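Student: Could you pick a single part of this structure and walk me through it slowly? I'd like to see what surrounds it and how that fits into the rest.

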Amino acid sequence: MRSFEDDPKLLDMLSPERLKRLLSLIETLSSHSLRLEEKYLKEAEPVEFNLECLAWLHCPGRPDVQQAAARLLEFILMYVGKYRLAANMHHDTTRASYAELERQNIALQVSEARFRLLSEELQTRVDAQVKIIEKTQRQLYESARLRAVGQLAAGVAHEINNPVGFISSNLRVASDYLNEISEKLPDDKNTHLMLEDFRALLSESVSGARRIATIVTDLKTFSNIDQADFTPCSLNALLGTTCHLLQAEHKATLPLRMELTELSPLAGYPAKLSQAFYNILDNAVKALEKEGGEIRIISRQHQATQEIIIEDNGCGIPQDVQACVFDPFFTTRPVGAGSGLGLTVARDVIAAHEGEIQLDSQEGQGTRITLRFWNK
Amino acid sequence: MVDYRPHERKLILKVVFYGPALSGKTTNLMQLHNLLKPQRKGELMVLETRDDRTLFFDLLPIGLRGEQGLDLRLKIYTVPGQVQHDSTRKAVLSRADGVIFVADSQPLQQDNNANAFENLAENLTKLGMTIEQLPLVIQFNKRDLEGAVAESELRMRWRETPWAPLCMASALNGHGVVESFRALLERLYPQLNHEFHLHSNEGISAEHFIRQLSAVAGEDHA
């Protein structure tokens with residue numbers, strides 16, 4: 001690249017036409033013919049610009065004319081060159097400034113793009129954060145609600161326990177009294193019918209009270225109210241009460257099939273284990289949608305372990321969802337329908353008993369949850 | 001950088017007068033044009049605007065011929081000192097072989113001197129040169145003005161820098177101009193000699209180099 005200060009050639013400064021015109025003007029003025037060449041001419045006068053020899057001027061036989069003409073040419077070239085240098089300089093600096101501006105422009109564009117990306121990224125992060133906050137709020141609300149319901153259930157169970165106790169005992173005493181009264185009553189048909197009806201009423205009431213007592217027991221087991229240290233518990237019995245509770249909720253319509261074998265007692269928290277069983281069973285119930293569904297509850301005693309298997313032939317869990325089912329607050333159910341804590345709690349409970357929980361599921365085929373506890 | 005064309009046996013050097021606005025760079029160059037009688041001297045080219053401020057640059061070409069026929073030329077430029085002409089200043093400074101920094105001796109101009117010197121260092125860096133390695137002479141001009149900062153104070157201030165001793169000048173009166181120029185030639189020669197073996201190959205000694213390029217009226221060229 002030529003720089004503004006590179007020494008110009010003769011033809012850089014004047015075009016051949018202009019040079020020819022200039023030369024002919026000097027010839028006219030001096031009345032002598034002149035010869036101008038870029039290459040060396042013998043006996044000719046150099047024409048210089050900034051110490052650079054641009055051409056040779058020759059006027060045969062007249063060195064004085066030749067010299068004057070050369071100086072005149074130099075004088076004119078000086079001003080041409082001055083303009084040319086300034087113009088080149090201006091061109092160079094303008095181009096340099098423009099290149100600098102372009103560089104700055106590109107840098108600005110790059111940084112603008114970066115900021116735009118950053119702002120978009122920030123927006124997505126804010127959105128994600130907002131979602132997490134909303135979800136957590138819902139979950140807090142849910143768990144608070146669950147806890148409140150649990151406490152209420154425990155309180156109600158406790159309060160009902162005593163009246164149900166004396167209602168049951170009073171009903172038994174009332175039956176005895178009725179037998180005694182019956183002997184002292186007239187022995188006619190109407191009285192017999194009335195007494196029979198009375199006995200039926202009392203017996204229905206006794207069974208009703210017993211059912212109430214059972215529900216209260218289940219509620220107490222289920223809620224954490226009786227929480228104490230590890231106590232020996234029978235997993236079969238806990239499974240039984242949990243199933244009762246579920247059946248009670250679903251008006252005894254659930255297709256539960258129990259295949260229990262005798263288990264050795266296990267040290268643990270009965271209430272928490274019931275909670276874990278309940279959560280797993282509740283999921284199984286919700287997985288059954290089509291007719292003919294069934295939930296099998298199996299218990300097995302092994303040498304070192306005991307196993308509880310709860311399996312259904314319901315909808316199953318998709319592959320991609322399986323990885324998340326134990327995550328806290330993960331739920332596929334509509335907002336408010338599930339806390340997303342069911343299996344999390346179950347897993348934590350099993351872990352607290354140093355057991356393990358295993359999930360096998362096939363979408364459309366069903367789900368099997370295996371709980372394994374070690375005998376101590 | 002030195003523009004050396006071996007096939008043409010031509011060595012073109014570039015010296016630049018740098019400094020703040022109105023410190024007397026063009027005056028220095030005009031005085032050099034008047035005072036110097038070098039072996040070869042071209043026309044002084046002044047590209048100033050209507051108010052006598054340099055817009056692009058001024059240029060004075062001088063030269064000498066070595067014993068072996070080397071055509072050695074020195075193009076002496078000035079830059080525009082005004083702040084807004086920085087891109088022009090940078091273009092003129094590019095490929096410079098030596099710089100004479102013309103500072104203003106008036107007390108109120110000391111900040112401008114410092115800014116211009118900083119600008120010189122910056123532009124040299126941008127052009128791939130370092131101020132410590134470039135032959136550089138610092139001239140304090142306008143010594144004739146009343147109230148000029150005392151010479152002893154200036155010398156003291158610059159004593160620890162690579163650019164001491166300073167040159168003192170009154171360019172308007174032609175004082176110290178040729179001396180500053182000679183000081184630069186002295187600092188320039190060793191670098192040239194190292195690269196082009198001026199002494200051994202071309203028969204140009206330091207003394208010859210300085211005398212031929214900075215001869216003044218009444219001094220002998222030979």
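Tutor: Sure, but let's agree on one term before we look. Two residues are in contact if their C-beta atoms, placed from the backbone, lie within 7 Å. Keep in mind, too, that this is a predicted model.

The part I'd pick is helix H1 of chain B, residues 25–35. Is this helix mostly covered or mostly open? Mostly covered: eight of its eleven residues are buried. For that you need one cut-off, namely that a residue is buried if 20 or more other C-beta atoms lie within 10 Å of its own. The buried ones in H1(B) are B:Lys25, B:Thr26, B:Thr27, B:Asn28, B:Leu29, B:Met30, B:Gln31 and B:Leu32.

So what do those buried residues pack against? In chain B they meet five strands, E2 (10–18), E4 (45–48), E5 (54–65), E6 (71–78) and E7 (98–104), plus helix H5 (177–196).

Let's take the helix partner, H5(B), before the strands. The axes of H1(B) and H5(B) come within 9 Å and cross at roughly 95°. Angles of 65 to 115 degrees count as roughly perpendicular, which is why we can call H1(B) roughly perpendicular to H5(B). On the H1(B) side, the contact is made by B:Asn28, B:Gln31, B:Leu32 and B:Leu35, and H5(B) brings B:Val177, B:Val178 and B:Phe181. Look at the spacing in that list with one rule in mind. An α-helix has 3.6 residues a turn, so residues three or four places apart point the same way. As for character, the residues of this contact divide into five nonpolar, two polar and no charged.

Now for the strands, and E5(B) is a good one to dwell on. Ten of the twelve residues of E5(B) are buried, so this strand is largely enclosed by the rest of the structure. Have a look at what it pairs with. Strand E3 (residues 40–41) of chain B runs antiparallel to E5(B) and is joined to it by two bridges, with B:Arg40 partnered by B:Gly63. E4(B) is also antiparallel to E5(B), with three bridges between them; here B:Met45 has B:Leu59 as its bridge partner. Then there is E6(B), which pairs with E5(B) in the antiparallel sense over eight bridges. One example to find on screen is B:Pro61 in E5(B), whose bridge partner in E6(B) is B:Lys75. E5(B) and E6(B) also form a hairpin, with five residues between them. In that turn sits B:Gly69, which has a positive phi of about 95°. Both E4(B) and E6(B), by the way, are among the strands that the buried residues of H1(B) pack against.

Next, the nonpolar core. In soluble globular proteins, nonpolar side chains tend to be buried together. Here the largest nonpolar core has 58 residues, and B:Val16 and B:Phe101 touch the most other members. H5(B), the helix that H1(B) crosses, gives the largest share of this core, eight residues. Try clicking on B:Val16: leaving aside its neighbours within four places in sequence, B:Val16 is in contact with B:Tyr77, B:Val79, B:Val92, B:Leu93, B:Ala96 and B:Val99. A second, separate core has 29 residues, including A:Leu263, A:Leu266, A:Leu343 and A:Phe373.

Let's zoom out to the whole of chain B. Its secondary structure comes to seven helices and nine strands, and 45% of its 222 residues count as buried. How far apart in sequence are the residues that touch? Among contacts between residues at least 6 apart in sequence, 70% join residues at least 24 apart.

And where does chain A come in? Eleven of its residues are in contact with 13 residues of chain B. On the chain A side, those residues divide into six nonpolar, three polar and two charged.

Back to where we began: H1(B) is a mostly covered helix, it packs on strands and on H5(B), and it crosses H5(B) at roughly 95°.

Notes: Residues numbered from 1 in each chain as written. Chains lettered and ligands numbered in written order. Predicted model: local features only at pLDDT ≥ 70, side-chain atom pairs only at ≥ 80, totals over all residues. Helix = DSSP H or I, 4+ residues; strand = E, 2+ residues; numbered from the N terminus. Core = buried A, V, L, I, M, F, W, Y, C linked by C-beta atoms within 7 Å. Nonpolar A, V, L, I, M, F, W, Y, C, P; charged D, E, K, R; others polar. Axes fitted to C-alpha atoms, helices over the stretch in contact; angles between N-to-C directions. Parallel < 35°, antiparallel > 145°, perpendicular 65-115°, else oblique. Pairing = 2+ DSSP bridges.
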